[in-house]
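Here's a quick briefing on one chain, going from the overall fold down to a single residue. Have a look at the model first, then read on.

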Amino acid sequence: MSAALPSVDYMALLVLIAASGAGATPVTQAGAPSHVHRRRKHMAAVPLGSYLIAPTKTGALLGRFHDWIRARRRRDFAALLALAGCIMMALGITGL
C-alpha cells in the first residue's frame, strides 16, 4: 500500500510551491510539479543516452565510480552529506 503513496520529497515540493508565492497564479503553481518531474526524467536519461553513444567508455567510468564508492566508509559519506547540508543551509539563509 505504501508504494502507491507519493514520496516525501514530492510532498515537500508541493508544500514549498504553495508557500513560496512564486508564480502567483494557481495555473503556474499547478504546473511546477510536472516541470520538476520532467526534469528528473531527463536527468535519468543522461546515463542511458551515454550508454547508447559510448557503451564501453560509460561502463568503464561507472565501474571506476562504483569502485570509488566501495572504497569509502560510512563516516566519509556522513561527512559528505553534512557538507552538502551545510552548503544548502548557507544558500537558503543567504537567499532570504
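What follows covers the whole chain, then one helix pair, then one threonine.

Bear in mind that this is a predicted model. The chain has four helices and zero strands, and just 4% of its 96 residues count as buried. Threonine 58 is a buried residue, and it sits in helix H3.

**The chain as a whole**
- Reading from the N terminus, the order of elements is α-α-α-α.
- About 8400 Å² of the chain is exposed, and 73% of that comes from carbon and sulfur atoms.

**H2 against H3**
- Helix H2 spans residues 26-53, while H3 takes in residues 55-71.
- The two helices pack at an angle of about 130°, and their axes are 5 Å apart.
- That angle falls outside the ranges for roughly parallel, perpendicular or antiparallel, so H2 and H3 are oblique to each other.
- On the H2 side, the contact uses Pro47, Ser50, Tyr51, Leu52 and Ile53; on the H3 side, Pro55, Thr58, Gly59 and Leu62.
- By residue type, this contact of H2 with H3 splits into six nonpolar, three polar and no charged.

**Zooming in on threonine 58**
- How buried or exposed is threonine 58? Its relative accessible area is 7%, and because buried means under 20%, threonine 58 counts as buried.
- Beyond its neighbours within four places in sequence, threonine 58 is in contact with Pro47, Ser50 and Tyr51.
- Those three residues belong to H2, and they are listed among the ones that meet H3.

Notes:
Residues numbered from 1 in each chain as written. Predicted model: local features only at pLDDT ≥ 70, side-chain atom pairs only at ≥ 80, totals over all residues. Heavy atoms only, no water. Buried < 20%, exposed > 50% of the residue type's maximum accessible area, 1.4 Å probe, protein only. Contact = heavy atoms within 4.5 Å. Areas by Shrake-Rupley, 256 points an atom, 1.4 Å probe, with all protein chains shown as cover. Axes fitted to C-alpha atoms, helices over the stretch in contact; angles between N-to-C directions. Parallel < 35°, antiparallel > 145°, perpendicular 65-115°, else oblique. Nonpolar A, V, L, I, M, F, W, Y, C, P; charged D, E, K, R; others polar.
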